[in-house]
There are 2 protein chains.
Amino acid sequence: MRIGELSERTGTPRRLLRYYEEQGLLVASRAPNGYRDYSEGCVNRVLQIRGLLDSGLPTRIIKQILPCINDPRAIHVSDATPETIATLENERQRMTDRIECLLRSREAISGYLDAVRRESAVAA
Amino acid sequence: MRIGELSERTGTPRRLLRYYEEQGLLVASRAPNGYRDYSEGCVNRVLQIRGLLDSGLPTRIIKQILPCINDPRAIHVSDATPETIATLENERQRMTDRIECLLRSREAISGYLDAVRRESAVAA
DNA sequence: TCAAACCCTCACATAGGTGTGAATGTCAAG
DNA sequence: CTTGACATTCACACCTATGTGAGGGTTTGA
């Protein structure tokens, strides 16, 4: 598919799809006329990228994480340097921290919203 | 406590503590000489701020979320405009999305790391 | 054939969080 | 009294993700 379709299906500006490619997060083959040609799997890939970006991860890290997600069972362990492993372990820990922080905050918000609802129920 | 101590105890540059105050995330009283004077609770507050920032939330949103967390049971429902409520509900959903994205990715990383470990165990 | 819609690259601009340093004031210790 | 550590404000600079538009080529349909 071309960039316009991918853009629509993922709700992502074309500008960013090109940017993600430039950052090495996304690959697209080229049609004879130079147009980008995306595979079907790119849709989920882009959604994953956006989710991680929105969760505070920089593209540099996402680039290292994506192979773990993307390669379905076809894991190339060989090209995993100890350095990459260390990065991944470190990043997993940071994700855990983020998750816990978000869970706590979400709980707090929920508690607050419940209280508000109770109050407005009383007022009504 | 003064800014230096808070900085050390939270691992946060002074510059940022001042920035958080400027953004309305953090309040500090002032000593007669003009120095900021932080309460004990600021330590956790700063850690929470940093966690949320690292999870992709902008200060503008954190500012609205903090009262839910900070005010221990003393919830001022009265000053919660419908607009704020809507923001909070929306933001809670976004947090849920983030959490799910992070959980998925963490699972994937774990799976990958496990595979690597199995492989290196075989090679050994 | 012409217009509209799509694609390309290039490049400057913006916003938010953060780094860094200047110029200055305060305070404790030698 | 002076030095050094710590505080203040102000301001410029940076990085990264994103907005926006110029200038130009390609495809599609009237």
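This briefing describes the contacts between two protein chains and two DNA strands in a predicted model. Chain A can be superposed on chain B with an RMSD of 0.1 Å, and 39 residues of chain A are in contact with 39 residues of chain B (heavy atoms within 4.5 Å). Around DNA strand D there are 21 residues, and around DNA strand C there are 21 residues.

**Basis of the model**

- Because this is a predicted model, local features need pLDDT of at least 70 and side-chain atom pairs count only at pLDDT 80 or more, while totals for chains, interfaces and linings use all residues.
- Residues are numbered from 1 along each chain as its sequence is written, chains are lettered from A and ligands numbered from 1 in the order in which they are written, and side-chain values use heavy atoms, with hydrogens and water left out.

**Relation of the two copies**

- The superposition of chain A on chain B takes a turn of 180 degrees and a shift of 0.0 Å along the axis; the fit is by least squares on the C-alpha atoms of residues with pLDDT of at least 70 in both copies.
- The two copies are therefore related as by a two-fold rotation axis.
- In chain A, the C-alpha of A:G56 is the one nearest the axis, at 2.1 Å.
- Both copies use the same surface, since 100% of the contact residues of chain A recur in chain B.

**Interface of chain A and chain B**

- Chain A and chain B bury about 3800 Å² between them, of which 71% is on carbon and sulfur atoms; buried area is the accessible area (1.4 Å probe) that two parts lose on being put together, summed over both.
- A:L102, A:I109 and A:Y112 provide 18% of the area that chain A buries against chain B, more than any other three residues.
- Six salt bridges are counted between chain A and chain B, a salt bridge being a side-chain nitrogen of Lys or Arg within 4 Å of a carboxyl oxygen of Asp or Glu.
- A:D54 and B:R94 form a salt bridge through their side chains, with an N to O distance of 2.6 Å.
- In polar contact across this interface are 12 residue pairs, both residues at pLDDT 80 or more. A polar contact is a pair of N or O atoms within 3.5 Å; within protein, one must be able to donate a hydrogen and the other to accept it, and residues adjacent in sequence count only if both atoms are side-chain atoms.
- Helix 3 (42–54), helix 4 (59–70) and helix 5 (82–123) of chain A each supply at least two residues of the side that touches chain B; helices are DSSP runs (H or I, at least four residues), numbered from the N terminus.
- Helix 5 of chain A gives the largest share of that side, with 24 residues.
- By class, the side of chain A that touches chain B has 21 nonpolar, eight polar and 10 charged residues.

**Surface near DNA strand D**

- Among the residues near DNA strand D (a heavy atom within 4 Å), A:Y19, B:G4, B:R14, B:R18 and B:R36 come nearest.
- Sugar or phosphate accounts for 70% of the atoms of DNA strand D within 4 Å of the protein, and bases for the rest.
- The side chain of A:Y19 has an N or O atom 2.4 Å from a phosphate oxygen of DNA strand D.
- The side chain of A:Y35 has an N or O atom 2.8 Å from a base nitrogen of DNA strand D.
- A polar backbone atom of B:G4 is 2.5 Å from a phosphate oxygen of DNA strand D.
- Helix 2 of chain A gives the largest share of this surface, four residues.

**Surface near DNA strand C**

- A:G4, A:R14, A:R18, B:Y19 and B:T59 come nearest to DNA strand C.
- Of the atoms of DNA strand C within 4 Å of the protein, sugar or phosphate makes up 69% and bases the rest.
- Phosphate oxygens of DNA strand C lie 2.5 Å from a backbone N or O atom of A:G4 and 2.7 Å from a polar side-chain atom of A:R36.
- Helix 2 of chain B gives the most to this surface, with four residues.

**Salt bridges in the whole structure**

- Over all chains, 16 salt bridges are found.
- One of them joins the side chains of A:E5 and A:R9, at 3.2 Å from N to O.
- Because A:E5 and A:R9 are four residues apart in helix 1 of chain A, about one helical turn separates them.

Note on methods. Nonpolar A, V, L, I, M, F, W, Y, C, P; charged D, E, K, R; others polar.
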